[in-house]
Amino acid sequence: MALYAMGDLHLSFQSDKPMDPFGRVWRHHERKIAKYVNQIVKSEDTLVLTGDHSWGRKLEESRDDLAFIEKLPGNKILLRGNHDMFWDAKKTNKLNEEYKGRLFFLQNNFAAYKDYALVGTKGFTFEGPFYLDRWGNITGWDEEREEHAKKLISRELKRLRESFRLAQEAGYRKFVMFLHYPPTSILEKTSPFTEIAEEYKVSAVVYSHCHGERRFGDSIRGNYHGINYMLVSGDYLNFRPAFVMN
Ligand SMILES: [Fe+2]
Ligand SMILES: [Fe+2]
């Protein structure tokens, strides 16, 4: 029995949004997902998919993508990504009722893996625009956007705290924390997300959203203050699910 994670499947079985223009790694990426997930994940394992599942703009346009995910082996847990328009955060309970026993949607709730609580939310991080000098050094950024980002971050922190609170109330003391967005922006070394991870002494922080070689290093990877930070974007992993723990 093992816990795996991967994010950003960016499926488009109904929405005809080819990912090929984003680079070779995305060529027939849905075939790679099916192949590698079936090779790596066993039916008794848990697979957390960290958001950006589907290009569908509403649930009816994402059904085939969700059906594809459903057919993958293991216990599938889904986190919201910024592109998951099909998933209205206020209607998570409805999704969970509808897909009960098939998919679990992680938002203002938690899932269990052995004696660990899997907690999480989409998260948010400030992504600019940044202003650069001719050597590529950051000399400033859009401060209005930064203000807006702060509001989104505080909303996401509330959702994350709720996830921790419910897990703790249910008796869990060990946690793995999932985000769609990276925990820190390129300007930060720490953030409210790294602070909450340390407060609850989580074993790992797992996130995705960063695409392409140039973005893979945007946030923390590896051990930081005793916590394992893992980037699991599909293209970073070449669509092989990452092993989180046994
Ligand atoms: Fe993505
Ligand atoms: Fe994303």
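Here are some worked exercises on this structure, which is a predicted model.

**Exercise 1. Work out which strands sit at the edges of the five-stranded open sheet.**

Step 1: Write down the strand order, which is E4-E3-E2-E1-E13.
Step 2: Look for strands that pair on one side only; these are E4 (103–106) and E13 (242–245), so to speak the two ends of the row, and they are the edge strands.
Step 3: Add some detail on the sheet. Its pairing is mixed, and the twist averages 30° from one strand to the next. Remember that strands of a sheet pair through backbone hydrogen bonds, either parallel or antiparallel.

**Exercise 2. Find out how strand E1 is joined to E13.**

Step 1: E1 covers residues 3–6.
Step 2: Three bridges join E1 to E13, and the two strands run antiparallel.
Step 3: Pick one residue and follow it across: tyrosine 4 has phenylalanine 243 in E13 as its bridge partner.

**Exercise 3. Check whether the length of helix H1 agrees or disagrees with what you'd expect, then sort its residues into buried and exposed.**

Step 1: H1 runs over residues 29–40, so you have 12 residues at 1.5 Å each, and the expected span is 16 Å.
Step 2: Compare that with the model. The end C-alpha atoms are 16 Å apart, so the two agree.
Step 3: List the buried residues of H1: His29, Ile33 and Val37. They cover an arc of only 65° around the axis, which means they're on the same side of H1.
Step 4: Now turn to the face pointing away from that buried side, where you'll find the exposed residues Arg31 and Gln39.
Step 5: Ask what covers the buried residues; strand E2 (46–49) is included in the cover.

**Exercise 4. Decide whether isoleucine 77 is buried or exposed, and name its contacts.**

Step 1: Locate isoleucine 77 in strand E3 (residues 75–79).
Step 2: Count the other C-beta atoms within 10 Å, which gives 22. The cut-off for buried is 20 or more, so isoleucine 77 is buried.
Step 3: Leave out residues up to four places away in sequence, and isoleucine 77 touches Thr46, Val48, Phe104, Leu106, Ala111 and Leu118.

**Exercise 5. Describe the largest nonpolar core.**

Step 1: This core has 56 residues. In soluble globular proteins, nonpolar side chains tend to be buried together.
Step 2: The residues with the most contacts inside the core are Leu118, Phe175 and Val206.
Step 3: Strand E9 (residues 174–179) gives the most to the core, with five residues.
Step 4: Zoom in on phenylalanine 175. Its contacts, not counting residues up to four places away in sequence, include Tyr116, Val119, Phe164 and Tyr200.

**Exercise 6. Track down some unusual backbone angles, and say where each one lies.**

Step 1: Start from the general rule: most residues other than glycine have a negative phi, and most peptide bonds are trans.
Step 2: Glycine 128 and proline 129 are joined by a cis peptide bond, with omega about 10°. Proline 129 lies in the loop between E6 (116–121) and E7 (130–132).
Step 3: Asparagine 108 isn't a glycine, yet its phi is positive, about 55°. You'll find asparagine 108 in the loop between E4 and E5 (111–113), and with 17 other C-beta atoms within 10 Å it's partly exposed.
Step 4: Lysine 201 also has a positive phi, near 50°. Its loop lies between helix H5 (192–199) and strand E10 (204–207). Lysine 201 has 12 other C-beta atoms within 10 Å, so it counts as exposed.

Terms used
Residues numbered from 1 in each chain as written. Chains lettered and ligands numbered in written order. Predicted model: local features only at pLDDT ≥ 70, side-chain atom pairs only at ≥ 80, totals over all residues. Helix = DSSP H or I, 4+ residues; strand = E, 2+ residues; numbered from the N terminus. Axes fitted to C-alpha atoms, helices over the stretch in contact; angles between N-to-C directions. Core = buried A, V, L, I, M, F, W, Y, C linked by C-beta atoms within 7 Å. Contact = placed C-beta atoms within 7 Å. Expected span 1.5 Å × (residues − 1). Arc of directions from axis to C-beta.
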